[in-house]
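Trainee: I am new to this structure, so please choose one part, look at it closely with me, and then connect it to other parts in one longer answer.

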Amino acid sequence: MSITCLNCNAPVNESYCSRCGQKVEVKRLTWHNLGEEVFHFFTHIEKGFLKTTGQLIIHPGKLCKSYLDGKRKVYHKPVSFLLIWITIYLFTWYLANHFTQFENRTTSTLVTWDASTLNIIQKYRSLIDILILPISALINWLILARPKLNYVEVFCVSFYLFSFTFIFHIAHITIASLLGIHYKDNTGEYITTAFVGIWAFYACYDFYKQYKVPFLIPKLIIWVIAAFPAYFYASKIIAKLLAALGF
């Protein structure tokens, strides 16, 4: 007797539907089923998510090159990877603000924002970074990647690279909050700028050396001179616009 798939109504003769892949036998939902779904979700994320996170921190160039070369099953996909770290950052930022109550003491310098601007940037960092990401990828492509890679490839790996900034902010906020160290000041911003900047330089070097980009070090220096001011002022402009809109 032919069985019909409950998901797509296709005729099924095996244990799984050949059209959509759903299991033929579908049981009623119970607490046990729900627990299995939750367990599967977290174990599935852990397998690729932790591997991708470790590779990003230690060998970012190898991660990005492997993904572009087609090894995509073993790594977490870049867009969802960034979104997960953004979610963890927002949760960490909320908890830190709730329990520490640190006053923002930053002042405007060449590498730091004023307190009101930083408050908005910290609150809407995820939105601001997502808006800046295409611009950052374009600068990266124009200076470093052409003609070895196209813009879409650079845009794709930029999701991985931007994820590191959220990983660092999470670690920074968590450690400072647990130790009672005030991180909402110029010193905290100097540490963030220096650490993320050094890692970004290393990540791009580790990535583009595999493509044998000519004059890589001089190009990286030019990229730093162009990319970091662009990020700094673009963030400031977006923060001012958000403030003007009442955010």
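Mentor: Helices here are DSSP runs of H or I with at least four residues, and they are numbered from the N terminus. With that in hand, we can place Lys 212 in the loop between α7 and α8, remembering throughout that this is a predicted model. Lys 212 has a positive phi of about 55 degrees although it is not a glycine. Most residues other than glycine have a negative phi. Lys 212 also counts as exposed, because its relative accessible area is 69% and the cut-off for exposed is over 50%.

The helices on either side of this loop are α7, residues 186–208, and α8, residues 216–244, which pack at an angle of about 140 degrees with their axes 11 Å apart. That angle makes α7 oblique to α8, since an angle has to be over 145 degrees to count as roughly antiparallel. The crossing in which α7 passes α8 is right-handed. On the α7 side the residues that meet α8 are Gly 197, Ala 200, Phe 201, Cys 204, Tyr 205 and Tyr 208, while α8 brings Leu 216, Ile 217, Leu 220, Ile 221, Trp 223, Val 224 and Phe 228.

Another loop worth setting beside this one lies between α3 and α4, and it holds Gln 101. Gln 101 has a positive phi of about 55 degrees although it is not a glycine, and with a relative accessibility of 61% it counts as exposed.

Moving on into helix α4, residues 115–123, we come to Thr 117. Thr 117 is buried, because its relative accessible area is 2% and buried means under 20%. Apart from neighbours within four places in sequence, Thr 117 is in contact with Lys 236, Ala 239 and Lys 240, and its side chain is joined to that of Lys 240 by a polar contact of 3.3 Å. Looking back along the chain, Thr 106 is 11 residues away from Thr 117, and their C-alpha atoms are separated by 9.4 Å.

A further helix pair can be read in the way we read α7 and α8. Helix α5, residues 125–145, packs with helix α6, residues 151–179, at an angle of about 130 degrees, with their axes 8 Å apart; the two are therefore oblique to each other, and α5 passes α6 in a right-handed crossing. The contact involves many residues, including Leu 133, Pro 134 and Trp 141 of α5 and Phe 155, Phe 159 and Phe 162 of α6. In the loop between α5 and α6 we find Pro 147, which is joined to Arg 146 by a cis peptide bond with omega of about -10 degrees. Most peptide bonds are trans.

Last, consider helix α2, residues 60–68, which is mostly covered, with 8 of its 9 residues buried. Among the buried residues are Leu 63, Cys 64 and Tyr 67, and Cys 64 has a relative accessibility of 1%. The closest cysteine sulfur to that of Cys 64 belongs to Cys 156, and because it is 8.4 Å away, it is too far for a bond; the count of disulfides comes to 0. Just after α2, Gly 70 takes a positive phi of about 115 degrees.

Conventions. Residues are numbered from 1 along each chain as its sequence is written. This is a predicted model: local features need pLDDT of at least 70, side-chain atom pairs count only at pLDDT 80 or more; totals for chains, interfaces and linings use all residues. Side-chain values use heavy atoms; hydrogens and water are left out. Buried means under 20% relative accessible area, exposed over 50%, partly exposed in between (1.4 Å probe, protein chains only). Contact means heavy atoms within 4.5 Å. A polar contact is a pair of N or O atoms within 3.5 Å; within protein, one must be able to donate a hydrogen and the other to accept it, and residues adjacent in sequence count only if both atoms are side-chain atoms. A disulfide is a pair of cysteine sulfur atoms within 2.5 Å. Axes are lines fitted to C-alpha atoms, for helices over the stretch in contact, and angles run from 0 to 180 degrees between N-to-C directions. Angles under 35 degrees count as roughly parallel, over 145 as roughly antiparallel, 65 to 115 as roughly perpendicular and the rest as oblique. A crossing is left-handed if the near helix is turned anticlockwise from the far one by less than a right angle, and right-handed if clockwise.
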